[in-house]
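Visitor: I'd like to learn how to read a model like this one, feature by feature. Could you walk me through it?

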Amino acid sequence: MSQVFKNILSFSLSELTERLSSFGESAYRAKQIFDWLYVKKVSDVRSMTSLSKGLRDKLVEGLPFPVLKQEKHQASQDGTVKFLWSLHDGERIETVLIPMEDHNTLCISSQAGCKFSCGFCASGIGGWKRNLDCGEIVGQVLNAARAVAPKSITHIVFMGVGEPFDNYDNVLKAARILNAKEGLNIAARRITISTCGVVPGIKRLETEGLQLELSVSLHASNDKVRSQLMPVNRKYPLKELLGACRNYAKETNRQVTFEYILIKDLTCTEQAANELQGHLRGWLCKLNLIACNPVEEFSYQPPTRAEIEKFLSMLERRGIHATFRTPRGRDIAAACGQLRVS
Ligand code: SF4
């Protein structure tokens, strides 16, 4: 498949080497440029002062930086930071930085808008606009890395706006650039791809030979509730999804993480605990519970703390180890399901 390179952050090192040779430049120039991009993290080709002016002019002309103009920057009381970027065509995306004591996680977007319309998520409300190109994905990480310097971004989660497997090629290429030792050198095990349950993407990832983390939004324990919450379930119902996940764990020997939303009186019942036991017990997977977050357009309510504890012990008794994830950035609408482009 021929690839369209729109900007300098869309290139792997070998592709950049090849492109520069077409400019009559030697291979080490590509390494120098990678160093300027991913180690020194400059935001402008003109700052690459070890390159000749002639080459810098060619880069500005032929391989510009992707446009990610910061429109807004909001900081939560809990330290979470949300960035709103506008892109070259006016589309907008969000990125969320979640600082922890000993690491910094960045939640990045893979598409402008989303076509999957999950019933608890603000990102799908405005519909799908377009895929992000690889450079627009990598650019979110570089911009955030400059913002947290001298600390670093240590973990990446593809859990922002969009479905990563609906933009598979750009997402995988960006993950490879972020992981490359000449790139940002973020360990593959610290890069998580999160899907709403696009089965062909899970099957394809299984063949990549990468150590990336796979996270699957399960969010319900039976097809009736899951189809109500996630229209994707009508295309890839639970049996097919769980079969693909079990196969992924078996073939890659890597654990699958399931995200599971807690909605009062709907997903945290005794019946749900029984069904989850049937689905998840006895194979290489883990369960993360998240209380649903307020979104103006939806009426779902989170359970109380006591109801969450009760559900956790129901799971424990059934041999399912689950952890409850405390929501971050709720006050700036940066928590799961709250991202949108406004
Ligand atoms: S949860 Fe993910 S796949 Fe579903 S609407 Fe939101 S962004 Fe799209």
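Guide: Happily; we will go from domains to core, helix, ligand and backbone. Keep in mind that this is a predicted model.

Visitor: Let's begin with the domains. Which domains does the assignment give the protein chain?

Guide: The assignment gives domain 1, residues 8-62, and domain 2, residues 69-332. Taken over C-alpha atoms, the centres of domain 1 and domain 2 are 33 Å apart.

Visitor: How many residues of each domain are in contact with the other?

Guide: Ten residues of domain 1 contact 14 residues of domain 2. On the domain 1 side, helix 2 (residues 27-39) gives the most, with three residues. That side of domain 1 divides into five nonpolar, three polar and two charged residues.

Visitor: Next, the core. What is the general idea?

Guide: In soluble globular proteins, nonpolar side chains tend to be buried together. Here the largest nonpolar core has 96 residues, and Val138, Val141, Leu178, Cys245 and Leu262 touch the most other members. Both domain 1 (8-62) and domain 2 (69-332) give residues to this core, so the core lies between them.

Visitor: Take Cys245. What does Cys245 touch, not counting residues up to four places away in sequence?

Guide: Cys245 touches Ile202, Val216, Val256 and Cys285.

Visitor: Now a helix. How does the span of helix 4 sit against the expected value?

Guide: Helix 4 covers residues 134-148, which is 15 residues, and reaches 22 Å from its first C-alpha to its last. That is close to the 21 Å expected at 1.5 Å a residue. Among the buried residues of helix 4 are Ile137, Val138, Val141 and Leu142. The buried residues of helix 4 pack against strands 2, 3, 4 and 7 and against helix 5.

Visitor: Which residues surround the ligand?

Guide: The ligand is surrounded by Cys114, Phe116, Ser117, Cys118, Cys121, Ser123, Gly124, Val161, Gly162, Glu163 and Cys196. By class, this shell has six nonpolar, four polar and one charged residues.

Visitor: How should I read unusual backbone geometry?

Guide: Start from the usual pattern: most residues other than glycine have a negative phi, and most peptide bonds are trans. In this model, alanine 149 and proline 150 are joined by a cis peptide bond, with omega about 10°. Proline 150 is in the loop between helix 4 and strand 7.

Visitor: And which phi values stand out for histidine 219 and asparagine 253?

Guide: Histidine 219 has a positive phi of about 65°, and asparagine 253 has a positive phi near 60°. Histidine 219 is in the loop between strand 9 and helix 7, while asparagine 253 is in the loop between helix 9 and strand 10.

Visitor: Is histidine 219 buried or exposed, and is asparagine 253 buried or exposed?

Guide: Count the C-beta atoms within 10 Å: 20 or more means buried, 12 or fewer means exposed. Histidine 219 is buried because 25 other C-beta atoms lie within 10 Å. Asparagine 253 is exposed because it has 8.

Visitor: What about a case in between?

Guide: Try arginine 56, in helix 3 (residues 53-62). Arginine 56 has 16 other C-beta atoms within 10 Å, so it is partly exposed. Leaving aside neighbours within four places in sequence, arginine 56 is in contact with Val45, Arg46, Met48 and Leu51. The C-alpha atoms of arginine 56 and valine 45 are separated by 6.2 Å, though these residues are eleven apart along the chain.

Key. Residues are numbered from 1 along each chain as its sequence is written. This is a predicted model: local features need pLDDT of at least 70, side-chain atom pairs count only at pLDDT 80 or more; totals for chains, interfaces and linings use all residues. A residue is near a molecule or strand if its C-beta atom, placed from the backbone, lies within 6 Å of it. Ala, Val, Leu, Ile, Met, Phe, Trp, Tyr, Cys and Pro count as nonpolar, Asp, Glu, Lys and Arg as charged, and the others, Gly among them, as polar. A nonpolar core is a set of buried Ala, Val, Leu, Ile, Met, Phe, Trp, Tyr and Cys residues joined through C-beta atoms within 7 Å. Domain bounds come from an automatic or database domain assignment. Two residues are in contact if their C-beta atoms, placed from the backbone, lie within 7 Å. Helices (H or I, at least four residues) and strands (E, at least two) are DSSP runs, numbered from the N terminus. The expected span of a helix is 1.5 Å times one less than its number of residues.
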